[in-house]
Amino acid sequence: MAGNLLAEKKALRREMLARRRALSAEERTCASNRICARVRELPVVQNARTIMLYASTPEEIDLYPLMAELLAKGRRIVLPEITGKGLMEARELPAMDALVSGAFGIASPDPARGAQIPPEEIDVIIVPGVAFDTGGGRLGCGGGYYDRFLPRAGRAVRLVPAFDFQIVPDVPMGMQDARVDAILTQRRMISCRRMENLEKEV
């Protein structure tokens with residue numbers, strides 16, 4: 001069973017990454033703008049004090065404009081910091097010019113300028129991934145970083161910005177795989193688990 005699950009995940013990951021790479025720059029920019037507008041408008045985001053984002057790669061939805069806007073509004077922004085194999089912490093990003101190259105060449109806050117923030121202080125986590133389903137199932141890149149981190153941030157609402165094609169009928173999930181609360185694409189918002197309480201939380 002475990003072998004079948006890993007094979008299913010690998011095949012779906014390969015398919016989704018290929019579809020993501022096939023997007024034109026114009027399609028990606030247009031989708032990013034729409035999706036980030038949806039994220040920005042959510043009451044749970046508007047009311048959050050501490051928001052965790054991630055440093056998006058060129059193939060992902062562009063979160064940098066949203067990150068800059070939230071910083072300008074005085075929100076405490078944190079990003080992942082890889083601390084070991086499959087392990088990460090949240091480190092504060094005080095300003096956009098405090099980004100430095102981190103593990104795997106992914107941007108991360110300069111440790112000299114931002115402190116580590118306890119996961120339980122995070123209100124909203126913007127979660128990356130390569131495929132999702134309407135039940136909150138998530139397929140990541142295979143490292144397990146978020147699957148280990150998300151349970152530690154027990155009060156945080158887990159939001160996913162995704163291209164519409166990343167929504168699939170069923171994501172293969174193991175017992176250790178963390179689910180998400182809502183998915184926002186350029187065409188729709190999908191409520192997965194705790195969305196009935198989103199406007200009341202934080």
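Two strands are said to pair if DSSP finds at least two bridges between them. The structure shown in these views is a predicted model.

**View 1. Strands S7 and S10 pair in the parallel sense.** Three bridges hold S7 and S10 together in this pairing. One residue pair to look for is Val124, whose bridge partner in S10 is Val157. On the other side of this view, three bridges join S10 (residues 157-161) to S11 (residues 182-184), and these two strands also run parallel. Here Val160 has Ile183 of S11 as its bridge partner.

**View 2. Strand S10 is largely enclosed by the rest of the structure.** Why is S10 described as enclosed? Five of the five residues of S10 are buried, so the rest of the structure covers most of the strand. The side chains leave the strand in two directions: Val157, Leu159 and Pro161 point one way, and Arg158 and Val160 point the other way. Both groups are buried.

**View 3. Eight strands make up an open sheet.** Their order across the sheet is S6-S3-S2-S1-S7-S10-S11-S12, and the pairing is mixed. The edges are formed by S6 (116-117) and S12 (189-191), each of which pairs on one side only. Helix H2 (residues 25-41) packs on this sheet and touches S7 (124-126), S10, S11 and S12. The direction of H2 makes about 140 degrees with that of S11.

**View 4. Helix H2 has the length expected from its residue count.** At 1.5 Å a residue, the 17 residues of H2 should span 24 Å. The end C-alpha atoms of H2 are 24 Å apart, which agrees. The buried residues of the helix are Arg28, Ala31, Ser32, Ile35, Cys36, Ala37 and Val39. In an α-helix there are 3.6 residues a turn, so residues three or four places apart point the same way.

**View 5. Strands S2 and S3 form a hairpin.** S2 (residues 76-84) and S3 (residues 87-92) pair in the antiparallel sense over six bridges. Two residues lie between the strands, and Gly86 in the turn has a positive phi of about 75 degrees. Along the hairpin, Pro80 stands opposite Ala90 in S3. S3 also pairs with S6 in the antiparallel sense, over two bridges. In that pairing, Ala90 has Ile117 of S6 as its bridge partner.

**View 6. Thr50 is a buried residue of strand S1.** S1 covers residues 50-52. Is Thr50 buried or exposed? Thr50 counts as buried because its relative accessibility is 0%. Leaving aside neighbours within four places in sequence, Thr50 is in contact with Arg76, Val78, Glu121, Ile122, Asp123 and Val124.

**View 7. The largest nonpolar core has 61 residues.** Which residues touch the most other members of this core? They are Ile51, Leu53, Ile77, Ile125, Ile126, Leu159 and Ile183. Not counting residues up to four places away in sequence, Ile126 touches Val39, Ile51, Met52, Leu53, Tyr54, Leu63, Leu159 and Pro161. In soluble globular proteins, nonpolar side chains tend to be buried together.

**View 8. The structure has zero disulfides.** A disulfide is a covalent bond between the sulfur atoms of two cysteines. Cys30 is in no disulfide, and the nearest cysteine sulfur, that of Cys36, is 12 Å away. Cys30 is partly exposed, with a relative accessible area of 38%. For Cys192, the closest cysteine sulfur is also in Cys36, at 18 Å, which is too far for a bond. Cys192 is buried, because its relative accessible area of 18% falls under the 20% cut-off.

**View 9. Phe104 and Asp181 both lie in loops.** Phe104 is in the loop between S4 (99-101) and S5 (107-109). Phe104 has a positive phi of about 60 degrees although it is not a glycine. With a relative accessible area of 67%, Phe104 is exposed. Asp181 is found in the loop between S10 and S11. At 0% relative accessibility, Asp181 counts as buried. Asp181 and Pro94 are 87 residues apart along the chain, and their C-alpha atoms are separated by 27 Å.

Key:
Residues are numbered from 1 along each chain as its sequence is written. This is a predicted model: local features need pLDDT of at least 70, side-chain atom pairs count only at pLDDT 80 or more; totals for chains, interfaces and linings use all residues. Side-chain values use heavy atoms; hydrogens and water are left out. Helices (H or I, at least four residues) and strands (E, at least two) are DSSP runs, numbered from the N terminus. Contact means heavy atoms within 4.5 Å. Axes are lines fitted to C-alpha atoms, for helices over the stretch in contact, and angles run from 0 to 180 degrees between N-to-C directions. Buried means under 20% relative accessible area, exposed over 50%, partly exposed in between (1.4 Å probe, protein chains only). A nonpolar core is a set of buried Ala, Val, Leu, Ile, Met, Phe, Trp, Tyr and Cys residues joined through side-chain atoms within 4.5 Å. A disulfide is a pair of cysteine sulfur atoms within 2.5 Å. The expected span of a helix is 1.5 Å times one less than its number of residues.
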